[in-house]
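Please look at the interior of the protein shown below, with attention to how its side chains pack and where space is left between them.

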Amino acid sequence: MEESNQIPRKVIAAIIATGLMSFCGVIVETAMNISFPKLMTEFNVTTNIVQWMTSIYLLVVAIIVPLSALLKKSFATKKLFLTANILFICGVVVDVIAPSFPLLLLGRAIQGVGTGIALPLMFNIILEQVPKSKIGMMMGFGNLITGIAPAIGPTFGGIIIDSLGWRWIFLILLPFLVLSLLAGLWGIQQKSAIERQRFDLISCLLIAVMFTGLVVGFSNMSSAALFSTDCGGMILLGLVAMALLSWRSLSIDQPVLDFRLFANTRFSGHVLIFFLTQMCSLGFAFLLPNYIQLVNQNTSLLAGLIVMPAGLGGAFCAPIGGKLLDNFGPRKPAMIGSILMFLSILGFTIMSAHLSNLFITIIYIFYMVGMGMLMGTVMTSALASIDQPHTPQGNAILNTLQQFAGSMGTSLVAMIVAKSQVGVGKTPTATALGTSHAFILMLVFAVIIIVSALIFIPKKLSK
């Protein structure tokens, strides 16, 4: 008989199975960004069109993730996993054989549905089936699985595209997805009772409109005027849908996303930290490769290699942050992580006009180590601040905001850099200036994160 503080092998297999799917979703997203020039030539599409390879995926994930609490209560965990895995495999096969760009987008959308189901499933399994004394470490491990992907994605994409062609990015995923399928079939168990929930179609439509408006609007910030229909009009549409969704959530007994949780001040404070951290991280993911290529005049492959050590360091520090949480409570790893992030952004801001590749490599490692320690800690502490029955809803909110923050963070810094390039083009000086302005915004976010961590993150977990 296993001791109560030991994690059963089937639970570990279930976490790996769902984590592998999330890993595949993120790595193909970051790897395919490198392929955009080749896709534009092969399918004869423009920059604005080719970027929908990422935008359509993020949009679908953002729409599906909010439904995770409803799906978890209504369907068996293994059925949800099998559905997600099979959909992802189908999406990958579509992209491998796609003869046209619309079919390529269809494959990415199908993959988005799979990831949208699998990502919250992993954290729900950890929270539900891992012993309390090991939850912090395993939440960190969950973040490690998804954190490694963006670290190696650009380098992986560059190598595969140069040597085998972009379709191999999808082909190479298939063995990992089959391994995920086998691990999930063996390891995933049903621990919670299944109780069919009422499907609120109005809320689901509002979620779709909200994220379509916000993702498309923010994605167009760098290429369209703020008060244009494509940018400001879409953002306004998204905000109106958000207001209606909030009203709807407070008016019915079984909301898809329970906005009542925001009445919990501690949970709301954690959500703010989580959101701003994700915005900073995705902002860096855009700014640094851009700077290395346009200002330092290096190749995209070298840009990927320069940022890769930091990504790996951040991913592997996530379980360390979780272990510190288990041993000392959430305040210590959260403060260490947020201070490391602040000092790193401060260094980038001060030196923004002359960032050497070596400086970027070293300072970015410190940032990603801090971020790796912070993200899992904040997520664990946030979910510990609400009642157990509401944990799936809290998990859905955090994962939903993570997707939106990624889109918003990338779009904001891209707009800031683009505005600095107006009239002079993508010159090294203009790009460095725009990057400096973006760093200042991120520095403000880092200050808010530190102050919020001091106020809202407790010394010990609430439960």
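This report treats the nonpolar core, then a pocket, then the enclosed cavities of a predicted model.

## The nonpolar core

In this predicted model, the largest nonpolar core has 141 residues, and those with the most contacts inside it are L39, F284, F348, Y364 and Y367. Helix α13, which spans residues 265–294, contributes the largest share of this core, namely 13 residues.

The surroundings of F348 give a closer view of the packing. Leaving aside residues up to four places away in sequence, F348 touches F284, L288, L355, F359, I360, I363, Y364 and F439. Two of these partners, F284 and Y364, are themselves listed with F348 among the residues with the most contacts inside the core.

## The second largest pocket

The second largest pocket holds about 380 Å³ of space, and its lining is made up of 17 residues, of which M242, F262, F275, L401 and F404 lie nearest its centre. Two or more lining residues come from each of α11 (201–219), α13 and α17 (391–420), and the largest share, six residues, is supplied by α17.

In terms of residue class, the lining of this pocket has 16 nonpolar residues and one polar residue, with no charged residues.

## The cavities

How many cavities of 30 Å³ or more does the model contain? The count comes to two. The largest cavity has a volume of about 40 Å³, and the residues that line it are M279, C280, G409, L412, V413, L441, M442 and F445. Helices α13, α17 and α18 (428–456) each supply at least two residues of this lining, which by class has seven nonpolar residues, one polar residue and no charged residues. Helix α13 thus appears in the core, in the lining of the second largest pocket and in the lining of the largest cavity, while α17 contributes to the linings of that pocket and that cavity.

The second largest cavity contains about 30 Å³ of space and is lined by S68, L71, L80, I117, L121 and N124. The elements that give two or more residues to this lining are α5 (68–74) and α7 (101–129), and α7 gives the most, with three residues. By class, the lining of the second largest cavity has four nonpolar and two polar residues, and, as with the largest cavity, no charged residues.

Key
Residues are numbered from 1 along each chain as its sequence is written. This is a predicted model: local features need pLDDT of at least 70, side-chain atom pairs count only at pLDDT 80 or more; totals for chains, interfaces and linings use all residues. Side-chain values use heavy atoms; hydrogens and water are left out. A nonpolar core is a set of buried Ala, Val, Leu, Ile, Met, Phe, Trp, Tyr and Cys residues joined through side-chain atoms within 4.5 Å. Buried means under 20% relative accessible area, exposed over 50%, partly exposed in between (1.4 Å probe, protein chains only). Helices (H or I, at least four residues) and strands (E, at least two) are DSSP runs, numbered from the N terminus. Contact means heavy atoms within 4.5 Å. On a 1 Å grid over the protein atoms alone, a cavity is a set of points where a 1.4 Å probe fits but cannot get out, and a pocket is an open set with protein on both sides within 12 Å along at least five of seven lines; lining residues have an atom within 4 Å of a point. Grid points are joined across faces, edges and corners, and a volume is the space filled by probe spheres set on the points. Ala, Val, Leu, Ile, Met, Phe, Trp, Tyr, Cys and Pro count as nonpolar, Asp, Glu, Lys and Arg as charged, and the others, Gly among them, as polar.
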